[in-house]
Amino acid sequence: MCRWFTYISNSEPQLLADVLIEPAHSLSKQVHDRYLPYLKHYEPDVDPADTKKEISTRNSPYNMDGLGIAWYSNTRAEFGEAQGPSPALYKILRQPLTDNIYTSICNNTSSQAIFGHIRAASPSSAITDYNCHPFQFGRWLFMHNGGLAFFNVVKRDMVTCMSDAALDLVKGTTDSEHLAALFFTFLEQDKGPAAWDATHPIADVKQALELAIAKVLEFQDAYVKRSGAAPQASSINIAITDGTQLLAIRFRNHATEHPPSLYYSTTAGITLNRKYPGHPDQEGADNGSANLKAPHEHGDHVIVASEPTTYKKHDWQLIPKNQCVMVPPDMQMQLVPVDVQF
């Protein structure tokens, strides 16, 4: 499965290199390694061997099919061409740390909203830059880890539900991008695509995503009934942002099986930021900066990531199955259930 990292703050920019490259377990280095604290101890199956197999199946250690990063800036707003922050994206099909442009961007760019995604393609999915996450719709970004059951069959149903404007932005072939287009169709409703350049209450974003997921499950159920195929569950870990707020879910529509790993932290940003004391990889070390600020000066922030990127396990919490992290512009995070029936 894919891996991803998100950072959101209303006051504290992070250097991209500090969160995506420098840590020993940064996203750029998760192409062949896993760090999954708590996962073996939460929600175990009756048979411990089944728990181990499930963790391995949905958290594969090989992610080599493309990387995408995005960061928000106010540059377009300063020139009167946007309201609020706008995303910039960079996608590659090479190993991230061998790409000089990627490392240059990360070493010289800071942002209060950062998305990063490293892809493990499904066997039938093409490896192209169009299929790299995140996917952009106006000022909004969407990325996914998991897979939609029977996608090749239900894709036609999904497309018929999309607005023309949303479908026109689908350039790749992944289930993820099609789910994104369906979500943005529900988000725009009767407002048209101009809604994608505006901000919306985080509760409306959650509702639009739940409607999109419920619609996909409806299509899957209909296929199972008419074909007699055995039911299959979908893993749907998703992150969505407009640069000022964040919605992330960890979801799988199965009574006992679990989605890929997903964690959150409201404190790890201090350790990751080289302006502050500490080191992401070891106790008692420092990141080599002059420590320009004290820890209490760090702004409010939330990180949601497939895996922790610092050694401080207590800074991270595993998001329970079928739960949603909601971060409005004031950074007052909530953890609430995903309201999708199955």
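Helices α5 and α8 are oblique to each other in this predicted model. Why oblique? Their packing angle is about 135°, and angles over 145 would be needed for roughly antiparallel, while 65 to 115 counts as roughly perpendicular, so the pair falls into the rest. The axes lie 10 Å apart. α5 passes α8 in a right-handed crossing.

Both helices put several residues into the contact, as listed here.

| Helix | Residue range | Contact residues |
|---|---|---|
| α5 | residues 151-161 | V153, V154, D157, M158 and C161 |
| α8 | residues 202-227 | K215, V216, F219, Q220, Y223 and R226 |

By class, seven of the residues in this contact are nonpolar, one is polar and three are charged.

Next, the nonpolar cores. Which residues have the most contacts inside the largest core? They are M158 and F183, in a core of 45 residues. Helices α5, α7 (175-188) and α8 each supply at least two residues of this core. So much for the helices. The strands β7 (135-137), β8 (140-147), β9 (235-241), β10 (246-250) and β14 (323-327) also each supply at least two. α8 gives the largest share, eleven residues.

M158 belongs to the α5 side of the helix contact. Leaving out residues up to four places away in sequence, M158 touches L148, F151, H178, L179, L182, V216 and F219. Of these, V216 and F219 are on the α8 side of the contact with α5.

There is also a second, separate core. This one has 26 residues, including I21, I114, I118 and A268.

Definitions and conventions:
Residues are numbered from 1 along each chain as its sequence is written. This is a predicted model: local features need pLDDT of at least 70, side-chain atom pairs count only at pLDDT 80 or more; totals for chains, interfaces and linings use all residues. Side-chain values use heavy atoms; hydrogens and water are left out. Axes are lines fitted to C-alpha atoms, for helices over the stretch in contact, and angles run from 0 to 180 degrees between N-to-C directions. Helices (H or I, at least four residues) and strands (E, at least two) are DSSP runs, numbered from the N terminus. Angles under 35 degrees count as roughly parallel, over 145 as roughly antiparallel, 65 to 115 as roughly perpendicular and the rest as oblique. A crossing is left-handed if the near helix is turned anticlockwise from the far one by less than a right angle, and right-handed if clockwise. Contact means heavy atoms within 4.5 Å. Ala, Val, Leu, Ile, Met, Phe, Trp, Tyr, Cys and Pro count as nonpolar, Asp, Glu, Lys and Arg as charged, and the others, Gly among them, as polar. A nonpolar core is a set of buried Ala, Val, Leu, Ile, Met, Phe, Trp, Tyr and Cys residues joined through side-chain atoms within 4.5 Å. Buried means under 20% relative accessible area, exposed over 50%, partly exposed in between (1.4 Å probe, protein chains only).
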